[in-house]
Amino acid sequence: MTKQKTPPIVEVEWVDSWSAHGWRNKADHIDHHGAPYNGVMHTIGFLVERNKEWLRTAGSYDGNDTVQWNCLQSIPNSAIRSFRVLRK
């Protein structure tokens with residue numbers, strides 16, 4: 001098998017959505033730690049793909065010519081606040 005070049009490692013700051021079931025008032029919109037939920041997430045991973053709709057990262061990959069990814073995450077571009085390459 002051919003060894004693939006290591007993909008870039010990136011950091012993404014993005015805004016996640018949040019929902020709750022049942023009737024709630026505005027004050028009930030808190031996270032599981034009891035703090036107001038702001039939905040800001042930080043992801044660090046291997047850059048799998050970036051296109052006009054989303055950015056996709058992975059937590060690990062096998063490095064072989066068939067490239068198998070693990071822990072894939074797709075983030076809509078509309079949710080991304082910032083993006084930077086940590087390692088090319």
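**Figure 1. Val67, a partly exposed residue in a loop.** In this predicted model, Val67 has a relative accessible area of 23%, so it counts as partly exposed. The cut-off helps here: a residue is called buried when its relative accessible area is under 20%. Val67 sits in the loop that runs between β4 and β5 (69-70). Take a look at its backbone too, where phi is near 35°. That is a positive value in a residue other than glycine. As background, most residues other than glycine have a negative phi.

**Figure 2. Cys71, another residue with a positive phi.** Here we move to the loop between β5 and β6, where Cys71 is found. The phi of Cys71 is near 60°, a positive value, and the residue is not a glycine. Is Cys71 buried or exposed? Its relative accessibility is 54%, so Cys71 counts as exposed. Cys71 is also one of the residues that touch Thr57, leaving out those up to four places away in sequence, and Thr57 is the centre of the next view.

**Figure 3. Thr57, a buried residue in strand β3.** Thr57 belongs to strand β3, which covers residues 54-58. With a relative accessible area of 2%, Thr57 is buried. Which residues does Thr57 touch, not counting residues up to four places away in sequence? They are Val10, Thr43, Gly45, Phe46, Val48, Cys71, Leu72 and Gln73. For a sense of the whole, 20% of the 88 residues of the chain count as buried.

**Figure 4. The open sheet of five strands.** Step back a little and five strands come into view, forming an open sheet in the order β6-β3-β2-β1-β7, with antiparallel pairing. The edges are β6 (73-76) and β7, each of which pairs on one side only. On average, neighbouring strands of this sheet are turned by 45° against each other, direction ignored. As a general reminder, strands of a sheet pair through backbone hydrogen bonds, either parallel or antiparallel. The chain as a whole has seven strands and zero helices, and its pattern along the sequence reads β-β-β-β-β-β-β.

**Figure 5. Strand partners inside the sheet.** Begin with β1 and β2, which run antiparallel and are joined by seven bridges. Glu13 has His42 in β2 as its bridge partner. Next come β2 and β3, an antiparallel pair with four bridges. These two strands form a hairpin, with three residues between them. Within this pair, Glu49 stands opposite Arg56 in β3. Moving on, β3 and β6 also run antiparallel, joined by four bridges. What is the bridge partner of Trp54 in β6? It is Pro76.

**Figure 6. Arg50 in strand β2.** Arg50 lies in strand β2, which spans residues 40-50. Its relative accessibility is 44%, so Arg50 counts as partly exposed. Setting aside neighbours within four places in sequence, Arg50 is in contact with Leu55, Asn77, Ile80 and Phe83. Pro76 is 26 residues away from Arg50 along the chain, and the C-alpha atoms of the two are separated by 9.9 Å. Contacts between distant parts of the sequence can be followed over the whole chain as well: among contacts with a separation of 6 or more, 60% are between residues 24 or more positions apart.

**Figure 7. The largest nonpolar core.** Which residues make up the largest nonpolar core? There are seven in all: Val10, Val12, Trp14, Leu55, Ile75, Ala79 and Ile80. Strand β1 (residues 9-15) gives the largest share of this core, three residues. In soluble globular proteins, nonpolar side chains tend to be buried together. Follow Ala79 and you find that it touches Glu13, Trp14 and Val15, not counting residues up to four places away in sequence. Turning to the outside, the chain exposes about 6600 Å², and carbon and sulfur atoms supply 51% of that area.

**Figure 8. Confidence along the chain.** The mean pLDDT of the chain is 86, and 78% of the residues score at least 70. Among the elements of the chain, strand β7 (residues 80-87) has the highest mean pLDDT, 98. The lowest mean among these elements belongs to strand β4 (residues 60-61), at 93. A friendly caution to finish: where pLDDT is low, the predicted coordinates should not be read in detail.

Definitions and conventions:
Residues numbered from 1 in each chain as written. Predicted model: local features only at pLDDT ≥ 70, side-chain atom pairs only at ≥ 80, totals over all residues. Heavy atoms only, no water. Buried < 20%, exposed > 50% of the residue type's maximum accessible area, 1.4 Å probe, protein only. Contact = heavy atoms within 4.5 Å. Areas by Shrake-Rupley, 256 points an atom, 1.4 Å probe, with all protein chains shown as cover. Core = buried A, V, L, I, M, F, W, Y, C linked by side-chain atoms within 4.5 Å. pLDDT = per-residue confidence, 0-100. Pairing = 2+ DSSP bridges. Axes fitted to C-alpha atoms, helices over the stretch in contact; angles between N-to-C directions.
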